[in-house]
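Reader: I am new to this structure and would be grateful for a close look at a single part of it. Please describe that part carefully and then relate it to its surroundings.

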Amino acid sequence: MTDLLKPDDLRKIADDLDMAKAKKMLEHMKAEEAERDKLREAFNSREIHPQVKERVNTAIRRAAEQGNRQLLALTFPASYCNDQGRRINNMEPDWPQSLEGFAKKAYDYFKAELQPLGYKLTAQVLDYPGGMPGNVGLYLSWDR
């Protein structure tokens, strides 16, 4: 003879399902966090490419041939800045001090190689997911 399910049995079934969903969501969140950490580590350990001069010349020439006087040289998450992009967002003059990892290496390359030739570099927050700085763009520009 089969017994009828009791409300306590049904609560246990529902609780078990909720726990399984929560466990799956937690595993997914941990995997996403691990991937973000991996990407950030790759960004921080990245070095300036040995053929950077050829790449820069090609990109600048292509932009100039299209009538542009600037190009988006690098994008990265604002969270990679040591202030989460605050100084860039507020256009503070010391924004380069907030750069970390490859962004700092790229800025240092700009200061050593490109600025003496007359190039300029500006930074801008490109988007605001959830109202917070999302991605940052570094723009290389030149006068005509």
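Author: The part chosen here is helix α4, residues 101-114, in what is a predicted model. At 1.5 Å a residue, the 14 residues of α4 should span 20 Å, and the C-alpha atoms at its ends lie 19 Å apart, so the expected and computed values agree.

The residues of α4 that count as buried are Gly 101, Phe 102, Ala 103, Ala 106, Tyr 107, Tyr 109, Phe 110 and Leu 114. These buried residues pack against α1 (7-45), α2 (52-65) and β1 (70-77), as well as against β2 and β3. One residue of the helix, Tyr 107, is in contact with Leu 99. Leaving aside neighbours within four places in sequence, Leu 99 also touches Phe 76, Cys 81, Ile 88 and Lys 104.

Leu 99 leads on to the interior of the model. The largest nonpolar core has 29 residues, and Phe 76, Ile 88, Trp 95 and Leu 99 have the most contacts inside it. Two or more residues of this core come from each of α2, β1, α4, β2 and β3. Helix α4 gives the largest share, 7 residues. In soluble globular proteins, nonpolar side chains tend to be buried together.

The strands against which α4 packs deserve a description of their own. Three strands form an open sheet in the order β1-β3-β2, with antiparallel pairing. Since β1 and β2 stand at the edges, each with a single partner strand, one side of each is left without a neighbour in the sheet. Neighbouring strands of the sheet are turned by 25° against each other on average, direction ignored. Strands β1 and β3 are joined by 7 bridges, and Thr 75 stands opposite Gly 137 in β3. Strand β2 (residues 120-125) pairs with β3 (residues 135-141) over 6 bridges, and here Ala 123 stands opposite Leu 138.

The side chains of β2 alternate along the strand. Leu 121, Ala 123 and Val 125 point to one face and are buried, whereas Lys 120, Thr 122 and Gln 124 point to the other face and are not buried.

Finally, the helix may be placed within the whole chain. There are 4 helices and 3 strands, which follow one another from the N terminus as α-α-β-α-α-β-β. The radius of gyration is 24 Å, well over the 15 Å that the globule rule gives for 144 residues, so the chain is more spread out than a compact globule. Its C-alpha atoms fill a box of roughly 90 × 30 × 30 Å along the principal axes. Of the 144 residues, 28% count as buried.

Key: Residues numbered from 1 in each chain as written. Predicted model: local features only at pLDDT ≥ 70, side-chain atom pairs only at ≥ 80, totals over all residues. Heavy atoms only, no water. Buried < 20%, exposed > 50% of the residue type's maximum accessible area, 1.4 Å probe, protein only. Pairing = 2+ DSSP bridges. Expected span 1.5 Å × (residues − 1). Contact = heavy atoms within 4.5 Å. Axes fitted to C-alpha atoms, helices over the stretch in contact; angles between N-to-C directions. Core = buried A, V, L, I, M, F, W, Y, C linked by side-chain atoms within 4.5 Å. Rg over C-alpha atoms; globule rule 2.2 N^0.38 Å.
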